[in-house]
Amino acid sequence: MKSAANWFPRTEEVQPNEMRIIFMGTAPFIRPGQMNTSIFVQLGNGENFVFDIGEGSPANYIAAGFALNQLKDIFITHLHVDHYNGLPYVWMFGTWAGGWHDNLRVYGPSGRTPEFGTAKMVEGMKMFTGWHRDAFSVFPVGRGWDIDVHEFDFRDNGGVVYEKNGVKVIHWQRSHAKDGASGYRLDWNGLCFTWTGDGRPSKLDAKYAKGCDVYVTEQQPELVEISSGVQGVPPFLARYTIDTHHTPGYAAGYLANEVQPRLLMTTHMPFDPYLNEEAVAEVREHWDGPFHFGAPDGIVVNVTREQIWVREGILPDYPNSRAPQFDFTNGQLVVPHPPTSREKIQEPFVREQQIDPKKYYPKGYHPELLEDWPVEGDLVVPIEGLPESLKESMGEAWRLRQKNRKALEEQSEE
Ligand SMILES: [Zn+2]
Ligand SMILES: [Zn+2]
């Protein structure tokens, strides 16, 4: 760590035996400082996983220095919009921003009937992004528009959702008023992360999260009268919402005591000074082990087998995006030919109304306009031909992955 006090984006590489967890969205009620829920898990082998992708959370991925084309494996706990509404954005703009070489993979539960499952949601998303996708198809797309949907039976408790390169993710059902809500547990290299998603405290949480290093659950502070006075939400509505859908702080502590994690974290909660002390007190009723809020946005957790460290990440308000990240294994960058063109999707009479650029560019300034895709087929750029700075910034993630995989291989040989 460059600083024990704070995490500064782009200053630290995840180490081969390390897991890094970043809270990119932390509340059901979106507001500056707390986007809708999303948790980013990075592993020392160079892989990363997105758990829920709530509205607004992509802004924090960008602020934390990640390129949108690095977000390809997205696990959704359930289909309340505060858990997946960042998906169309990541899909559309992540494809534009260099997401050409890999498809998106969306993992999520079935519903009681097919119309309520993850696959149906993705189908609906394809429909409502129809205009956008066709419009953005004047850009390189490659495999960017392809989505592999991994919908699992929400009843199949303990079922494996993902198993690859030593990473295993299992799921189990949560009681969240409607069928089709799940919790996830990820295990890799002797380290474990659990995100329960939303739901009422359940025996299955204790069973499947048992002994996990970092147990993250949601928490609703049980202060309905006070919250009501502050926010104006009628107390009965808050009470009813908690009792049908959510995990009170007391239950979070109770479950932690069953699970016995190395660290309990709660998220999907309002982070407010007037609530926080009480939120801690509720958790402490049953849990006296390590505990930290997974809120507000930008909380960072570094996990190794020896230590766990929690810091506040310093996320800039007006960040520049990270360059798209590419795999340079083949020594070249292939920019796929756009699937369509303006000629195909725009009537000439619309373009004819455009003002002649000569009229607005100042005298002596005549940029060469790029109004048509310049080559017939894919654009193939040898890596050697790229400017040094571009080579450096676009291959960072790939190089780190190579380095760490080598270190992990050497370690396993020993
Ligand atoms: Zn929620
Ligand atoms: Zn929910």
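Before looking at how a helix sits on strands, I note that axes are lines fitted to C-alpha atoms, for helices over the stretch in contact, and that angles run from 0 to 180 degrees between N-to-C directions. With that in hand, I looked up helix α4 (residues 118–128) in this predicted model. Helix α4 lies across β6 (104–109) and β7, and runs at about 150° to β7.

**Entry: the sheet.** I then followed the strands outward and found an open sheet of nine strands with mixed pairing, in the order β1-β16-β15-β2-β3-β4-β5-β6-β7. Its edge strands, each of which pairs on one side only, are β1 (6–7) and β7 (147–152). I looked at one pair in detail: β3 (residues 38–43) and β4 (residues 48–51) run antiparallel and are joined by four bridges. Within this pair I found F40 opposite V50 in β4.

**Entry: the core.** I looked up the largest nonpolar core, which has 74 residues, and noted that those with the most contacts inside it are I21, I39, V41, I74, F75, F193 and V214. From these I picked I74 and, leaving aside neighbours within four places in sequence, listed its contacts as V50, I53, L87, L104, R105, V106 and Y107.

**Entry: the domains.** I recorded that the chain is divided into domain 1 (6–313) and domain 2 (332–413), and that the C-alpha centres of the two domains lie 32 Å apart. The contact between them takes 15 residues from domain 1 and 15 residues from domain 2. On the side of domain 1 that touches domain 2, I noted seven nonpolar, six polar and two charged residues.

**Entry: backbone checks.** Most residues other than glycine have a negative phi, and most peptide bonds are trans, and I therefore went looking for departures from both habits. A cis peptide bond, with omega about -5°, joins A295 and P296, and P296 is placed in the loop between β14 (291–293) and β15 (299–303).

Two entries concern positive phi. A177, although not a glycine, has a positive phi of about 70°, and I located A177 in the loop between β9 (167–173) and β10 (182–188). H268, also a residue other than glycine, has a positive phi near 55°, and its place is in the loop between β13 (263–267) and α10 (273–284).

Is each of these two residues buried, exposed or partly exposed? A177 counts as partly exposed because it has 15 C-beta neighbours inside 10 Å, whereas H268 counts as buried because it has 32 C-beta neighbours inside 10 Å.

Definitions and conventions:
Residues numbered from 1 in each chain as written. Chains lettered and ligands numbered in written order. Predicted model: local features only at pLDDT ≥ 70, side-chain atom pairs only at ≥ 80, totals over all residues. Domains from an automatic or database assignment. Contact = placed C-beta atoms within 7 Å. Nonpolar A, V, L, I, M, F, W, Y, C, P; charged D, E, K, R; others polar. Core = buried A, V, L, I, M, F, W, Y, C linked by C-beta atoms within 7 Å. Buried ≥ 20, exposed ≤ 12 C-beta atoms within 10 Å, placed from the backbone. Pairing = 2+ DSSP bridges.
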